[in-house]
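Got the model open in your viewer? Here's a short walk through it, one selection at a time.

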Amino acid sequence: MFYSIEELVQQSHAYSSIADLMITIEMENSGRDRKEIRTLMERNLQVMEQSVEKGINGVHSVTGLTGDDAKRLNSYLDQDDFLSGSMILKAVRNAIAVNEVNASMGLVCATPTAGSAGVVPGVLMACREPLGLTRDQQLDFLFVAGAFGLVIANNASISGAQGGCQAEIGSASAMASAALVAAKGGTADQSAQAVAMTLKNMMGLICDPVAGLVEVPCVKRNALGSSQAFISADMALAGIKSVIPPDEVVEAMDKVSQQMPQMFRETAEGGLAMTPTAQRLSKEIETKRDN
């Protein structure tokens with residue numbers, strides 16, 4: 001078992017891949033065999049695919065705060081006249097799709113949470129065709145993401161209520177960046193560097209849901225988190241390293257979580273949740289509920 005990113009990287013050298021290490025750890029902890037573990041991950045992947053497809057076709061939340069943005073972005077992509085690269089923009093579209101499905105009370109796979117469920121599948125669904133990933137390699141992508149997510153969860157937090165949005169979107173984006181590096185053929189250390197750069201750039205991100213709902217600004221933060229994953233992965237693959245070691249970055253994020261005021265930790269008492277528009281929307285939602 002590994003308890004730090006450094007241990008994860010070192011132990012992975014004895015295995016064919018980080019994914020293989022993660023599967024072995026899961027076999028030891030769960031008592032399940034390799035085939036069963038991969039079958040369970042296949043089910044997760046199927047849910048991810050379904051949520052992306054459903055969101056792109058267009059869904060609306062119960063409150064009406066969010067909906068159809070993935071559909072709009074898909075139409076924008078079809079025009080083939082955009083500023084960002086197509087793979088990044090498709091990841092953004094996919095991430096929005098998943099979180100709009102979540103806001104509509106649809107089924108998603110928490111990676112690592114429901115509020116950040118769009119990033120990892122969004123990135124995977126965007127890169128799998130350009131990178132020519134087989135089904136097994138797509139599953140490996142998820143196992144790599146899970147390995148780094150496990151370390152972050154055990155040494156910091158993946159909960160917005162505990163650590164702000166840095167703990168949710170930040171962790172999800174870091175997981176996706178590590179998996180992207182591995183999928184592109186990068187080393188375990190490069191995956192670790194991508195994690196560090198992602199968390200550094202998302203450190204301090206508050207959790208300030210309008211009306212206390214996982215909609216605004218959560219959906220669009222998933223979008224930007226997916227784009228961050230690509231940038232961090234490319235920097236790591238280019239040989240760029242984080243001056244601060246990955247484990248120290250995780251530790252720093254944990255300390256920021258502890259120092260973060262309660263109003264910025266999913267209480268809807270600070271940030272965007274306290275803007276005049278957010279307050280008006282909150283009252284309108286409450287009135288609809290009462291009626």
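Helices here are DSSP runs of H or I with at least four residues, strands are E runs of at least two, and both are numbered from the N terminus. This is a predicted model, where local features need pLDDT of at least 70 and side-chain atom pairs count only at pLDDT 80 or more, while totals for chains, interfaces and linings use all residues. Residues are numbered from 1 along each chain as its sequence is written, and side-chain values use heavy atoms, with hydrogens and water left out.

**Stop 1: the whole protein**

Switch to cartoon view and you should find 13 helices and 0 strands. Measure along the principal axes, and the C-alpha atoms fill a box of roughly 60 × 45 × 40 Å. The radius of gyration (over C-alpha atoms; the globule rule is 2.2 Å times the number of residues to the power 0.38) is 18 Å, which agrees with the value near 19 Å for a compact globule of 291 residues.

Now colour by burial: buried means under 20% relative accessible area, exposed over 50%, and partly exposed in between, with a 1.4 Å probe and protein chains only. Of the 291 residues, 52% count as buried. Contacts (heavy atoms within 4.5 Å) are worth a look too: among those with a separation of 6 or more, 72% join residues 24 or more positions apart.

**Stop 2: the core**

Next, select V123, F141 and F148. These have the most contacts inside the largest nonpolar core, which has 74 residues. Helix α7 (residues 135-155) gives this core its largest share, 10 residues. A nonpolar core here is a set of buried Ala, Val, Leu, Ile, Met, Phe, Trp, Tyr and Cys residues joined through side-chain atoms within 4.5 Å.

Zoom in on F141. Beyond its neighbours within four places in sequence, F141 is in contact with V120, V123, L124, C127, A176, A179, L180 and A183.

**Stop 3: S191**

Move to helix α10 (residues 188-202) and pick S191. Is S191 buried or exposed? S191 counts as buried because its relative accessibility is 0%. Leaving out residues up to four places away in sequence, S191 touches I18, F148, A178, V181 and A182.

**Stop 4: Q228**

Last, go to Q228 in helix α11 (residues 218-237). Q228 has 18% relative accessibility, so Q228 counts as buried. Show what Q228 touches, not counting residues up to four places away in sequence, and you get M197, T198, N201 and M202. Then draw a C-alpha to C-alpha distance from Q228 to G170: 9.3 Å in space, with their positions 58 residues apart in sequence.
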